[in-house]
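Student: I'd like to go through this one label by label. Can you back each one up for me?

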Amino acid sequence: MTRRPATPLPPPKERRHLRETAALTQAQLAERVGVAPGTVRAWESGRTTPRGRKREAYAKLLKTLAEEAAAGRAARDPASGPRSAAGANRTGPEPEAHPQPAPHPQPAPHPEPDPRPEPEARPEPEGHPQTLPEPASEPLPEPRPAPVALTPAQAFDALYEFGAPALVRQTYLLTGRREQARESVERAFQTAWEHWPEVARDRDPVGWVRAAAYEYALSPWQRLRPRHRRPEPPPADPGDRTLLNALLRLPPRHRRTLVLYDGVGLDLPETAAETEASTPAAAHRLLHAREAVADRLPALADPQVLHRRLAELASNERLGAARPPSVRRGGERRARFRTRAAIAFTVALIGTTALTLRTAPTHYEPPVSPGQAVRGVPPRVAQGSLSDEEQELRRKLRDQWQGGPERLRPGLE
């Protein structure tokens, strides 16, 4: 039994662009598809991918929005309407239609001479017979080397070596902790290795890993770890120390937006998609973050200067990353541990269920309620001495037959 191929979807950025072009909010689009607004945010950021019926409904809705957008553009600019494939390639005006005369029989065409000039015979030296010139042969194209197919491990190692150093420096700007930044990036790459088929087909694998690393680094559970209670040594440069303190005073969402836009260099729609916010919300967060940094450091009011200082702050710290094979092995160990834990939990659950079924009673026995004293009933009195009337009545009862009244019975004479 073969699976039906999944319905194709546009890239996450195009999904968000289509929704905003149609002036729909994430809640409205989620209501039309039948999912929660958080699910739509995850689809537009590329963190998750719809499946099954939800994917088909989402793809159909996006196709409808794309057709409406194309119709709106055609209505605004009629000159740029749809053209046929043949008419799109023409640059001049189309020729007018004239009535064609009836075809007359024409003589068979003679073969046209070859326009290519014949090769001239080279003069042979005296004393040698002249030979016919050989036909000129075109040089054969050099064979191109076939592309080398990389194994999944090699592709992962190349992605890690390319993006890990920069991601560690960016994550350090979010947390201000060197070890936490390295651990967040390694965890993100381990998650990418577990979902490698999805990450390998993504249009921006580095962005996929960056979103996972930022989510792990800014998780509120990090505050409960013992490592978070021990402060790390601040940067040596006073200017870097002041800038890092200003960044850490920002709310996590504002800090992440500022690092993505002014540090990484993403545009506003990409920043909004990665932070799972609308474009106006991302713009407001960016403006508030810049104002807060400029209040503490007026020299960084210019965005260009702020971008340069963020790059210097991240580059001044010696932040290394582990080797790709160790990261892959760590992810595989975590996956094996979770698999074994799930198997052990399932076996324990099955054993507990079997033991319960074995020891459970097969029929219902109502519980016996404890005895209680009944009040209001006179106590039972022991039998006492009989009166004279009672004794007379007792004697009469004993003398009479028990079977009823007296009857005639034969007697001896």
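Tutor: Sure, we'll take salt bridges, burial, the core, a surface patch and some backbone angles in turn.

Tutor: Keep in mind that this is a predicted model.

Student: What makes E20 and R16 a salt bridge?

Tutor: The cut-off is 4 Å between a side-chain nitrogen of Lys or Arg and a carboxyl oxygen of Asp or Glu. The N to O distance for E20 and R16 is 3.3 Å, so the pair qualifies under the 4 Å rule. Both residues lie in helix 1, four residues apart, which is about one turn of the helix.

Student: Is R16 buried or exposed, and how do you know?

Tutor: Buried means under 20% relative accessible area. R16 has 3%, so R16 counts as buried. Its partner E20 has 34%, and values between 20% and 50% are called partly exposed, so E20 gets that label.

Student: Which residues does the salt-bridge network with R16 and E20 join?

Tutor: Salt bridges with shared partners put R16, R19, E20 and E44 into one network.

Student: Why do you say that R328 and D157 tie together parts of the chain that are apart in sequence?

Tutor: R328 and D157 form a salt bridge, with the closest N and O atoms 3.0 Å apart. R328 sits in helix 16 and D157 in helix 6, so the bridge ties together parts 171 residues apart in sequence. R328 has a relative accessible area of 15%, so R328 is buried. D157 has 16%, so D157 is buried too.

Student: What makes E161 and R323 a salt bridge?

Tutor: The closest N and O atoms of E161 and R323 are 3.6 Å apart, so the pair passes the 4 Å cut-off. E161 is in helix 6 and R323 in the loop between helix 15 and helix 16, 162 residues apart, so the pair links distant parts of the chain. For exposure, the upper cut-off is 50%. R323 has 55% and is therefore exposed, while E161 has 47% and is therefore partly exposed.

Student: How many salt bridges does the rule give?

Tutor: The count comes to 18.

Student: Which residues touch the most other members of the largest nonpolar core?

Tutor: F189, L243, L247 and L258 do, in a core of 41 residues. Several helices each supply at least two of its residues, among them helix 7 (178-194), helix 11 (238-248) and helix 12 (252-264). Helix 6 gives the largest share, nine residues.

Student: Which residues form the positive surface patch?

Tutor: R329, R333, R336 and R340 form the patch. Patch members need over 30% relative accessible area and no salt bridge, and like charges are joined within 9 Å. Take R336, which is in helix 16 (residues 324-359). R336 has 41% relative accessibility, so it counts as partly exposed, and that value satisfies the 30% requirement.

Student: What is the phi of A23?

Tutor: A23 has a positive phi of about 60° although it is not a glycine. A23 is in the loop between helix 1 (12-21) and helix 2 (26-33). With a relative accessible area of 63%, A23 is exposed. E276 is another non-glycine with a positive phi, about 55°, and E276 lies in the loop between helix 13 (268-274) and helix 14.

Student: Why is K60 called exposed?

Tutor: Exposed means over 50%, and K60 has 64% relative accessibility, so the label fits. K60 is found in helix 4 (residues 52-76). The C-alpha atoms of K60 and V33 are separated by 9.6 Å, with their positions 27 residues apart along the chain.

Terms used: Residues numbered from 1 in each chain as written. Predicted model: local features only at pLDDT ≥ 70, side-chain atom pairs only at ≥ 80, totals over all residues. Heavy atoms only, no water. Patch = residues over 30% accessible without salt bridge, like charges linked within 9 Å, V, L, I, M, F, W, Y side chains within 5 Å. Areas by Shrake-Rupley, 256 points an atom, 1.4 Å probe, with all protein chains shown as cover. Lys, Arg positive; Asp, Glu negative; His and termini not counted. Charge placed at Lys NZ, Arg CZ, Asp CG, Glu CD. Buried < 20%, exposed > 50% of the residue type's maximum accessible area, 1.4 Å probe, protein only. Core = buried A, V, L, I, M, F, W, Y, C linked by side-chain atoms within 4.5 Å.
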